[in-house]
Amino acid sequence: MTQVATQPTASHFVNGRYVEDTAGAPIDVIYPATGQVIARVHEATAAIIEEAIASADAAQKAWAALPGVQRGRILRRAADMIRARNRDLSILETHDTGKPLSETLYVDATSGADALEYFGGLAASLTGEHIPLGENWAYTVREPLGVCVGIGAWNYPTQIACWKGAPALACGNAMIFKPSETTPLCALKIAEILHEAGLPAGLYNVIQGRGAVGAALVGDARVDKVSLTGSVPTGKKVYAAAAAGMKHVTMELGGKSPLIIFDDADLEDAVGGAILGNFYSSGQVCSNGTRVFVQKGIREAFLARLSERLADAVIGDPLDEATNFGPMVSEGQLGIVQRYIAKGVEEGARLVCGGKRLDKDGFWITPAVFADVTDDMTIAREEIFGPVMCVLDFEDEDDVIARANDTEFGLSAGVFTRDLTRAHRVVARMEAGTCYINTYNDAPVEVPFGGVKMSGVGRENAKAAIAHYSQVKSVFVRMGRVEAPF
Ligand code: NAD
């Protein structure tokens, strides 16, 4: 087994320390670039799950009772430590996911640090309000929810661990995080760093496992909130299970987002946006604009320039910083992508370029562009979660808006045009939680992120996340006598 230098030392991080229980079913961690096993973790047993929940429950109240400024200081210290260790953490992220170091150095641990810094800064200013009622008055208190569970997808394991952990902890909650079984390593390092930064034991536990471990956490009566990043089918199950216990939820689910490019768009920017919105992280991004609607007048120029720029993709060793396109995360995900590409060809779409499996170890496929795609094709309707761009033609603004919204998903939407009036008019009608004008897939922590329709409920990041990790208590105060009817 090839080991990574910065690898965590055990499967779980519970109650302030690494713990192992080899009675749990093994999960091999595979480096997607080579297909080699680089680590083995074990699923959490019932005893580990119990320790994770019990220690979180025991630690949460004292944490909530601390002044916000003290909680925030610990989060901001962790942010500084993450930045100082960015290279090591990025190398680990690359091994966990296969994403090239040229990405992970800039968007994974660093965006996690941004979240800890941002919510660490907010922790001291989470207050209620004073409500005058004539001579009487009321006030509100913003209280934590209690024990929160975070369940992650495999595409951004460090970022997801921080996007859920940072607001939860800032609000005075405890967090139990279950990473995706495909990428179990990175969240453990976040737990390690948070505790090194001074977080009391039990407040950020990481336990491993497949869906059943997630379900056990969601079903426990001591858990008050569940935040899932995953697919729509999993989201439905987790939402239903959480509803049985009337728990709070945040659902960050899948998408099939539209990217609309008008004739008057800046061609280089539009092509760049389409590349970012389809091929970054080898297309494994929930908010990707995979239905690229291109107005007839710019269509040929767009396809020609796109093909030229795709020739500059550097596909190779993810640890080489010159590489800008990595493998699929797993053999399974590669198979899914290959089946969709075959389906696209079968249903009559034109494969302009890419979509070829590389003849080497690991899970490699070249970025694929389909043209002549129609709205009813499978590749235009279902989330693929891989590097497959569908180019669809349009002529009329009203028509493209209707077609863009004709999907069960509603995560993101983008528009490229030089006409700013049109840009705002179009995004106003987009059924999507996050919209982009002349850009695509920016996700700074200062801006709320989340979906509508089947893409989810709730918001991550920004001040909006506070509402999803806290609740309001109202307190009425009577200054005069109580006048009862008898
Ligand atoms: P997935 O739904 O297969 O798994 C997500 C997580 O849920 C995993 O940790 C898994 O173990 C867990 N899980 C599965 N069944 C469960 C159950 N019954 N109870 C509790 N937990 C359970 O998703 P994936 O394949 O890991 O990730 C890809 C999906 O995630 C895509 O659909 C993508 O769009 C979505 N995603 C969304 C966002 C977002 O912010 N909206 C971000 C990244 C990925």
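In this predicted model, the ligand is surrounded by 27 residues, of which Gly152, Glu181, Ser231, Thr234 and Glu383 come nearest. By character, the residues of this shell divide into twelve nonpolar, ten polar and five charged. Several elements contribute to the shell, with α8 (211-219), β10 (225-229) and α9 (232-244) each supplying at least two residues, and the largest share, three residues, comes from α8.

Polar atoms of the protein and the ligand are paired as follows.

| Residue | Protein atom | Ligand atom | Distance |
|---|---|---|---|
| Tryptophan 154 | polar side-chain atom | oxygen | 2.9 Å |
| Alanine 215 | polar backbone atom | nitrogen | 3.5 Å |
| Threonine 234 | polar side-chain atom | oxygen | 2.6 Å |

Taken alone, the ligand exposes 860 Å², and the protein buries 86% of that area.

A record adds a further view of the residues: in an unreviewed UniProt entry, the annotation "binding site" covers Gly152, Ala153, Trp154, Lys178, Pro179, Ser180, Glu181, Gly254, Cys286 and Glu383. These annotated residues are spread over 232 residues of sequence and are also spread in space, with up to 23.5 Å between C-alpha atoms. Of these residues, Cys286 and Glu383 are included in the lining of the largest cavity.

One of the annotated residues is alanine 153, which lies in the loop between β7 (147-151) and α6 (157-170). Is alanine 153 buried or exposed? Alanine 153 counts as buried because its relative accessibility is 17%, and the cut-off for buried is under 20%.

Conventions: Residues are numbered from 1 along each chain as its sequence is written. This is a predicted model: local features need pLDDT of at least 70, side-chain atom pairs count only at pLDDT 80 or more; totals for chains, interfaces and linings use all residues. Side-chain values use heavy atoms; hydrogens and water are left out. A residue is near a molecule or strand if one of its heavy atoms lies within 4 Å of it. A polar contact is a pair of N or O atoms within 3.5 Å; within protein, one must be able to donate a hydrogen and the other to accept it, and residues adjacent in sequence count only if both atoms are side-chain atoms. Accessible areas come from the Shrake-Rupley method with a 1.4 Å probe; for residues, only the protein chains shown count as cover. Helices (H or I, at least four residues) and strands (E, at least two) are DSSP runs, numbered from the N terminus. Ala, Val, Leu, Ile, Met, Phe, Trp, Tyr, Cys and Pro count as nonpolar, Asp, Glu, Lys and Arg as charged, and the others, Gly among them, as polar. UniProt positions are given in the numbering used here, feature names are shortened, and annotations may be inferred rather than shown by experiment. On a 1 Å grid over the protein atoms alone, a cavity is a set of points where a 1.4 Å probe fits but cannot get out, and a pocket is an open set with protein on both sides within 12 Å along at least five of seven lines; lining residues have an atom within 4 Å of a point. Buried means under 20% relative accessible area, exposed over 50%, partly exposed in between (1.4 Å probe, protein chains only).
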